[in-house]
Amino acid sequence: MAHTPEELRYTEEHEWVNRIGPNRVRVGITDYAQTQLGDVVFVQLPDVDREATAGESIAEVESTKSVSDIYAPLAAKVVAVNGELDAQPELLNSDPYGDGWLFELEVADPAGLDVTLGELLDAAGYQGVIGG
């Protein structure tokens with residue numbers, strides 16, 4: 001069964017969202033997603049300072065099986081990307097909730113972020129999506 005940390009929020013597109021500041025979140029793919037992808041061989045990350053629209057494809061993960069789009073879970077600006085993935089894309093497989101994070105997003109309005117995060121799936125809701 002896929003590992004699904006309780007403290008994170010999730011999307012139906014198999015991304016996790018972790019609030020790391022009043023108006024900042026870190027985003028990655030779930031353990032379930034990396035299992036489905038197989039061995040990750042390349043990650044295309046978004047440009048820092050890019051303004052992302054919720055639901056927009058802003059990154060790609062390429063595995064030995066397929067190429068998958070990564071979607072912005074909320075409308076925000078990309079403020080950091082995980083440069084370690086250039087040399088070590090396999091971090092998505094070995095540590096999807098830690099060193100394998102993808103990018104960080106920042107919103108202007110912390111209260112709006114509360115609402116947006118509340119609309120995402122909790123761990124139990126995500127388990128329902130993946131049949132866990």
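## A tour from the core outwards

Begin by selecting Val25, Leu92, Leu102, Phe103 and Leu105, which have the most contacts inside the largest nonpolar core, a set of 28 residues; such a core consists of buried Ala, Val, Leu, Ile, Met, Phe, Trp, Tyr and Cys residues joined through side-chain atoms within 4.5 Å, where buried means under 20% relative accessible area, exposed over 50% and partly exposed in between, with a 1.4 Å probe and protein chains only. Among the elements that each supply at least two residues of this core are strand 3 (24-29), helix 1 (31-37), strand 9 (103-106) and helix 4 (110-119); helices (H or I, at least four residues) and strands (E, at least two) are DSSP runs numbered from the N terminus.

The model is predicted, with local features needing pLDDT of at least 70 and side-chain atom pairs counting only at pLDDT 80 or more, whereas totals for chains, interfaces and linings use all residues. Residues are numbered from 1 along each chain as its sequence is written, and side-chain values use heavy atoms, with hydrogens and water left out.

Next, centre the view on Leu102 and display its contacts (heavy atoms within 4.5 Å): not counting residues up to four places away in sequence, Leu102 touches Val27, Gly28, Ile29, Val43, Leu45, Ile70, Val81, Asn82, Leu85 and Leu92.

Now move to helix 5 (residues 123-130), in which Ala123, Tyr126, Gln127 and Ile130 are buried. These four cover an arc of only 105° around the axis, taken from the directions from the helix axis to the C-beta atoms, which puts them on the same side of helix 5. Ala124 and Gly128, on the other side of helix 5, are exposed. Strand 1 (9-10) and helix 1 are included in what covers the buried residues of helix 5, and just after this helix Gly131 takes a positive phi of about 75°.

From Tyr126, go to Thr30, in the loop between strand 3 and helix 1. Thr30 is buried, with a relative accessible area of 0%, and, leaving aside neighbours within four places in sequence, Thr30 is in contact with Tyr10, His14, Glu15, Trp16, Pro96, Tyr97 and Tyr126.

Finally, select strands 4, 6 and 7, which form an open sheet in the order 4-6-7 with antiparallel pairing, two strands being paired if DSSP finds at least two bridges between them. Strand 4 and strand 7 (67-71) stand at the edges with a single partner strand each, so one side of each is left without a neighbour in the sheet. Five bridges join strand 6 to strand 7, and Val61 stands opposite Ser68 in strand 7.
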